[in-house]
Protein chains: 2
Amino acid sequence: MTADRGTPASARGGSAPTLEMVAAHAGVSRATVSRVVNGSPKVSPDVVEAVQAAIAVLNYVPNRAARSLASRRTQAIALVVPESTAKVFNDPFFATLVQGIGLALADTDYTLSMLIESEAASDKTRKYLLGGNVDGALVASHHTGDHSYAHVSRALPVVFGGRPLDPGEQVNYTVDVDNAHGAEIATEHLVERGRQRIATIGGPQDMPPGVDRLRGWRNVLDRAGRTSDLVEFGDFSPESGAIAMRRLLERDPTIDGVFCANDQMAMGAYAAILETGRTIPGDVAVVGFDDDRYASMAVPPLTTVHQPSLQMGEVMARTLVRLIAGEDVPSATLLSTQLVVRASS
Amino acid sequence: MTADRGTPASARGGSAPTLEMVAAHAGVSRATVSRVVNGSPKVSPDVVEAVQAAIAVLNYVPNRAARSLASRRTQAIALVVPESTAKVFNDPFFATLVQGIGLALADTDYTLSMLIESEAASDKTRKYLLGGNVDGALVASHHTGDHSYAHVSRALPVVFGGRPLDPGEQVNYTVDVDNAHGAEIATEHLVERGRQRIATIGGPQDMPPGVDRLRGWRNVLDRAGRTSDLVEFGDFSPESGAIAMRRLLERDPTIDGVFCANDQMAMGAYAAILETGRTIPGDVAVVGFDDDRYASMAVPPLTTVHQPSLQMGEVMARTLVRLIAGEDVPSATLLSTQLVVRASS
DNA sequence: TTGTAGGCGTTATCAA
DNA sequence: TTGATAACGCCTACAA
């Protein structure tokens, strides 16, 4: 295996075999080869065999660009994530989401292409989407950014994960988790456990889940006639959770329960609580949101709201595939959540 | 914004504007438009302006398939990760790696397309790579799987992250971390701290980092005339780390130091150590490897070997880009590591 | 069941 | 500096 160093990709040895070469090798026309490659039913068995043999011998793989140009579709879909790379990878939510998408796509022969909106690449992404690279797009965001992709949905089937920030803007095709209800059952759980001073570490208020989870917490306290002023905000990172928790404990040292808008902030809260000599759940009960893989490994294991991210990925992908096929799909799907009680509450 | 429901992507309103339409609109030939789009220097200023105006008006975006077909290059590179989706996303190493790649690619106009080798899609990936979808590929693996992509490097420029498992197989263009040396400084640190019974939780022995880090640990103990038999293996997950640690403590309750082949297993070891009533580092000193974001958040903060994953991503990407351009690049690059001493040792 | 031929949207080679 | 005019590799009526 000698190095091809210095050789431009376009000029590699023998270059890629084309459909025409296969046709010649098999002694048939290009059309017939095309039929075999695309699994057309009306080709005689022996011809199929001959063509497949030729394909194997030449190690032929159809050129996607050519195929896409001719057929006007790419068999690829994009997953757009308007977040920084760091956030995407450190948020276990995305892991499961992508897994769900992959699962749903495994049956099909769609290819997934991830576009992570890092630093300055917004226009690059737009061009990619509009440049005929994909048959459709999945936009998975917890961010305002959502509606910045609303315009592409005029040129391409798009399914959004999470509702738009502004309920007014009617974005078609969204799949969302019932965040408010999840926060409610979490907070109710703290109330039922007899906690008196229940605080919350809220997520960013420019992200729907941040808003909805805060609202759920507030709903329960309001209904119970409690005050709902013990709020500090974080950015969903562990660090921010620790900072927020420290502030809360300074503001009110009698806090005995806290609902964190996600598990990572809950992990930060753990650190902040423990460093004051308080115990969990003895002094402060903690409930998170997401049920990520660290939740059960924490000491003590974290009570949290399970986020159906796998299911969300699956539903998003299936919805998009059906949309591309021109089928009728529901405009919005809401997935339910569930409380997982562990030792932290 | 009405829904395009039921409309195949190929038949959307007005469809995508083509180069030809721009040409007509600007009153020039297609060739000229192409020149403007590609920034050719030999076009008169006024023509450039007219064409750009037409592009703006029509909201034109070049079709990639057509461009790629004609130019025989895609301006896209693939990142192949032969791991399950879950692993990729839960391993903070990849987060930083991808970030580094993204950083290096931001300057260029290459697009990154991530191929995560989930469940059964190996052939899909191969076809993607060989189907002319990308100009080159980055293979980031901790896995044996490495050499299964060796053959694509005959058809495409490929840069591997991590050395191949078998030193014999000369894979060109690798960027790797000096794992053995990292493990050595970690173990030396435990020795210097006066630890007497130093165990290790090794990674999978079918992955180079697993092998190299174990070797580093062993080197130091052998040189110090200590026994190096206190080994249990994990799969780099927290759970496996906990299990391995329990076994170690059962085998030898006098263990007072442990080097874990990665931070996630160290987190598992923490749990296993603490659940026996032992303290860290009082009873057992723990050192990890990777310096992931949880390492510093742990209680106590974890001493670990910093992995230059950001740099690795950057170097890999830059190397590939140069390779595609036909430049000369070093066949192997080794990045150095560094010990970060925190409270766990 | 198979082959012929035109076209998909760009780039690139020649002339002009 | 610009414009015709072939490719690029494949798909798909239409014809045989």
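This note walks through a predicted model of two protein chains and two DNA strands.

1. **Layout of chain A.** Chain A is split into three parts. Domain 1 covers 9–60. Domain 2 is built from two stretches, 76–178 and 310–337. Domain 3 covers 179–307. How far apart are the centres of domain 1 and domain 3 of chain A? The separation is 61 Å, taken over C-alpha atoms.

2. **Annotated spans.** Two UniProt annotations, each from an unreviewed entry, fall in this chain. "Domain: HTH lacI-type" covers residues 17–71 of chain A. That span is 69% helix and 0% strand. Its end C-alpha atoms are 20 Å apart. "Domain: HTH cro/C1-type" covers residues 18–61 of chain A. Here the figures are 68% helix and 0% strand. The end C-alpha atoms of residues 18–61 lie 8 Å apart.

3. **DNA strand C: who surrounds it.** Strand C is surrounded by 26 residues. The closest come from both chains: A:T32, A:R35 and A:S44, with B:L19 and B:S34. By type, the surface near strand C holds 12 nonpolar, 8 polar and 6 charged residues. Which part of the strand comes within 4 Å of the protein, sugar and phosphate or bases? Sugar or phosphate supplies 64% of those atoms, and bases supply the rest.

4. **DNA strand C: phosphate contacts.** Two side chains of chain A reach phosphate oxygens of strand C. For A:T32, a side-chain N or O atom is 2.6 Å from a phosphate oxygen. For A:S44, the distance from a side-chain N or O atom to a phosphate oxygen is also 2.6 Å. B:L19 uses its backbone instead: a polar backbone atom is 2.4 Å from a phosphate oxygen of strand C. The elements giving two or more residues to this surface are helix 2 (30–37) and helix 4 (64–71) of chain A, and helix 2 (30–37) and helix 4 (64–71) of chain B.

5. **DNA strand D: who surrounds it.** Strand D has 26 residues around it. The closest are A:L19 and A:Y60 from chain A, and B:T32, B:R35 and B:S44 from chain B. Of the atoms of strand D that come within 4 Å of the protein, 58% are sugar and phosphate. The surface near strand D divides into 12 nonpolar, 7 polar and 7 charged residues. Helix 2 and helix 4 of chain A, with helix 2 and helix 4 of chain B, each supply at least two of its residues.

6. **DNA strand D: backbone contacts.** Three residues meet strand D through backbone atoms. A backbone N or O atom of A:L19 lies 2.4 Å from a phosphate oxygen. A polar backbone atom of B:S29 is 3.0 Å from a phosphate oxygen. A:A66 meets a base: its backbone N or O atom lies 3.3 Å from a base nitrogen of strand D.

7. **A:D252, a loop residue.** A:D252 sits in the loop between helix 10 (238–251) and strand 8 (257–260) of chain A. Is A:D252 buried or exposed? It is buried, because its relative accessible area is 11%, under the 20% limit. Beyond its neighbours within four places in sequence, A:D252 contacts A:R197 and A:L230. The side chains of A:D252 and A:R197 make a polar contact at 2.7 Å. A:K124 is elsewhere: 128 residues away from A:D252 in sequence and 48 Å away in space, C-alpha to C-alpha.

8. **B:N179, a helix residue.** B:N179 belongs to helix 8 (residues 179–192) of chain B. Its relative accessible area is 4%, so it counts as buried. Leaving out residues up to four places away in sequence, B:N179 touches B:P209, B:D212, B:R213 and B:F289. With B:R213 there is a polar contact between side chains, at 2.9 Å.

9. **Helix 7 of chain A.** Helix 7 spans residues 122–130, and A:T125, A:Y128, A:L129 and A:L130 in it are buried. What do the buried residues of helix 7 pack against? In chain A, they pack against strand 1 (76–81) and strand 2 (111–116). In chain B, the partners are helix 4 and strand 2 (111–116). After helix 7 comes A:G132, with a positive phi near 75 degrees.

Notes:
Residues numbered from 1 in each chain as written. Chains lettered and ligands numbered in written order. Predicted model: local features only at pLDDT ≥ 70, side-chain atom pairs only at ≥ 80, totals over all residues. Heavy atoms only, no water. UniProt positions renumbered as here; feature names shortened; annotations may be inferred. Helix = DSSP H or I, 4+ residues; strand = E, 2+ residues; numbered from the N terminus. Domains from an automatic or database assignment. Near = heavy atom within 4 Å. Polar contact = N/O pair within 3.5 Å; in protein donor to acceptor, adjacent residues only side chain to side chain. Nonpolar A, V, L, I, M, F, W, Y, C, P; charged D, E, K, R; others polar. Buried < 20%, exposed > 50% of the residue type's maximum accessible area, 1.4 Å probe, protein only. Contact = heavy atoms within 4.5 Å.
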